[in-house]
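Reader: I would like a close look at a single part of this model, taken slowly and with its surroundings described. Please start from the overall build of the chain concerned and then work inward to the packing.

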Amino acid sequence: MSLEVKGLYVTIGDKIILENADVTFSDGKITSVIGPNGAGKSTLLRAASGINEKIKGQVLLDGRDIHSYSRPSLAKKIAVLPQSSVTPSDITVEQLVDYGRFPYRSWLKKSDSKEDREAVEWAMEATRINLLRKRQVSSLSGGERQRAWIAMALAQKPEILFLDEPTTYLDIAHQLEVLEIIRSINKEWGMTIIMVMHDLNQAARYSHELVVVKDKSIYQQGSPDKVLTKKFLADVFRVRAEVFTGPDGGIIFNPVSVY
Amino acid sequence: MNDLSKRTIIIILFAALAFAGFIFSIVAGSVDIPLAEIWQSINGTHGGVHEKIIMNIRLPRTVVAVLVGINLSLSGAILQAVMKNPLADPHIIGISSGAGLAGIAILLMLPDESWLVTPVAFLGAMAAAVCIYILAWKNGIRPVRIILAGVAVSAFLGAGISALMIFYSDRVHSALMWMVGGLSARSWPHVEMMWPYTLLGVLLALIGARSINILQLGDDIAKGLGLRVELTRILLTAVAALLAASAVSVVGLLGFVGLIVPHAARLMVGTDYRFLLPASAILGAAVVTISDTIARVAFSPVELPVGILMAVFGAPFFLFLLRREL
């Protein structure tokens, strides 16, 4: 399923957040959006996923304007996990994941279909949360809770999954756990993943492509080894850094100082 | 599964309480009527003064209490989710101040036309709600803006209420009863006016329960799950407004029901609106019928407006809830 952003222009109030942004997201790949704070990463994600309806320019899903899809039909193709979410105090993991089937139900057809139950089971297995299904979401650790939310998004059976900083506030073990799950979802089911990332090494390691947002527009797009250069780090983050090729061929960068 | 049956049992208990309240309300009163005669009256085989008391006074009043309880509690439960604010109740969307000003204007300026109170108060309540909506509209509806617009409009209309009461201070007694909220002398015409709204509200609320659950996850998540967030919020607020306006225009500014009953129900059945809405509706019916009966008989022969009783018990209970939850 192709996703293309053309001439995107987003304002919040009087402030221009993004202007003239063009991105083509690669189908079936993991793409990370990186850039400094306030550059417009989350704004790009919200526009590209169709959550923000008040945009100028175009977002094309399979060549069709994303806002010409109805909300429920869009929710069957695209799942979005924003950065902040409210967890009701008394909901179990299984119930939360089951909310992912919302777009497939209507008030005429409320009962669970076999398909609904299978999707929920599959989502909980893919995120390795099935043993915690009866637990209250509010009682889970940060990493487990994030996996539960991802499971909810997966239960939508989307073709594209958007994640806004999925590893924020998690310790390093839980960060890697979440990223491994994201990678395996992409690998095994070919789901397109588009996420905002803060940690450049992790972004490089887990993504096929990087999209760099800087100063309200797209600075660069390409594979991690092409994007993560000394010049890029100096230009975009004002950081002097050493860049290595790791033993597995991946890019590792080591920040040294701020220019 | 365990959770499910626990919640079902609680709802059944609420229903039993509501039924007991209904019977209590019909049996208790200043005239002692034996149970056998009550049954005959309802059958229509009795025919005396007692039948008149039962059929024309107690039964309709009890039915009004049930409808008011359902309407206000459902309205509050819906608004608390839609506004994402645990303190939301029908006051917040201007229902009370709108109905209050309109009702008091009639009671004070046209005291001989008191039949106008209910329809005019209904119009006043809806006008205030629409007004708040328009004021809060700016690229869509945000709960915070509704709450702020609600405070401003209510203060504005409150000034009107105060002014009227000062200009017509000799007739203030009837206005006071209306401000507190009471069921005295409410009968079949009021039932006829209210039940269609109750029916419509209950149906729409039950259809919307799953959407309300999704709405509680936050706007972005809800949109991502395919909910039309703006539209849902507008429709649900309209349902809540109709429910509350129909109740308030009949009984006056009965407070606390819409705020406290949903909270109490939430403590017991949790936040899943598929259970919370029916639980609130049934508990609301029970609370208003029982409170009204107590208000009616406790200080006999003086009849207390149920609004006073609701506030006396409601306010401490509300503080208890707050301390427990926050």
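**Chain B and the core it shares**

Author: For a chain of 326 residues, a compact globule would have a radius of gyration near 20 Å, and because chain B has 20 Å, the two agree. This is a predicted model, and what follows should be read as a description of that prediction. Taken along the principal axes, the C-alpha atoms of chain B fill a box of roughly 65 × 60 × 35 Å. The secondary structure of chain B consists of 13 helices and 0 strands, so that reading from the N terminus gives the order α-α-α-α-α-α-α-α-α-α-α-α-α.

Several totals describe how chain B is packed. Of its 326 residues, 54% count as buried. Among the contacts in chain B with a separation of 6 or more, 77% are between residues 24 or more positions apart. The accessible surface of chain B comes to about 14100 Å², and carbon and sulfur atoms account for 73% of that area.

From here the natural step is inward, to the nonpolar packing. In soluble globular proteins, nonpolar side chains tend to be buried together. In this model the largest nonpolar core has 153 residues, and the members that touch the most other members are Leu96(A), Met152(A), Leu154(A), Val68(B), Ile78(B), Ile95(B) and Leu277(B). The largest share of this core, 17 residues, is supplied by helix 3 of chain B, which covers residues 49-82. Chain A takes part as well, since at least three residues of the core come from each of its domain 1 (1-70 + 160-259) and its domain 2 (78-157).

Val68(B) is a useful place to look more closely. Leaving aside residues up to four places away in sequence, Val68(B) touches Met194(B), Ala247(B), Val251(B), Leu254(B) and Val288(B). Separate from the core just described is a second one of 30 residues, which includes Met1(A), Leu18(A), Ile51(A) and Val213(A).

A contrasting position in chain B is Leu200(B), which is placed in helix 8 (residues 188-215). Leu200(B) has a relative accessibility of 40%, and therefore counts as partly exposed, since that class lies between the buried limit of 20% and the exposed limit of 50%. Leu200(B) and Leu242(B) are 42 residues apart along the chain, and their C-alpha atoms are separated by 9.3 Å.

The partner chain deserves the same care, as it contributes to the core. Chain A is divided into domain 1 (1-70 + 160-259) and domain 2 (78-157), and the C-alpha centres of these two domains lie 25 Å apart. The contact between them takes 22 residues from domain 1 and 18 residues from domain 2 of chain A.

Within chain A, strand 3 (residues 30-34) is mostly covered, with 5 of its 5 residues buried. In a regular strand the side chains alternate between the two faces of the sheet. For strand 3 of chain A, one side carries Ile30(A), Ser32(A) and Ile34(A) and the other carries Thr31(A) and Val33(A), and all of these are buried, which leaves both faces covered. Strand 3 of chain A pairs in the parallel sense with strand 8 (residues 192-196) over 4 bridges, and in that pairing Ser32(A) has Met195(A) as its bridge partner. Strand 3 of chain A is also joined by 4 bridges to strand 9 (residues 209-214), again with the two running parallel, and there Val33(A) stands opposite Val211(A).

Strand 6 (residues 78-81) of chain A can be described in a similar way: Ile78(A) and Val80(A) point one way, Ala79(A) and Leu81(A) point the other way, and all are buried. Strand 6 of chain A runs parallel to strand 7 (residues 160-164), to which 4 bridges join it, and Ile78(A) stands opposite Ile160(A) in strand 7.

Two backbone details in the loops of chain A complete the account. Tyr169(A), in the loop between strand 7 and helix 6 (172-189), has a phi near 70°, a positive value in a residue other than glycine. The relative accessible area of Tyr169(A) is 78%, so this residue is exposed. Arg238(A), which is not a glycine either, has a positive phi of about 55°, and its place is in the loop between helix 9 (230-237) and strand 11 (239-245) of chain A.

Methods:
Residues numbered from 1 in each chain as written. Chains lettered and ligands numbered in written order. Predicted model: local features only at pLDDT ≥ 70, side-chain atom pairs only at ≥ 80, totals over all residues. Heavy atoms only, no water. Core = buried A, V, L, I, M, F, W, Y, C linked by side-chain atoms within 4.5 Å. Buried < 20%, exposed > 50% of the residue type's maximum accessible area, 1.4 Å probe, protein only. Domains from an automatic or database assignment. Contact = heavy atoms within 4.5 Å. Pairing = 2+ DSSP bridges. Rg over C-alpha atoms; globule rule 2.2 N^0.38 Å. Areas by Shrake-Rupley, 256 points an atom, 1.4 Å probe, with all protein chains shown as cover.
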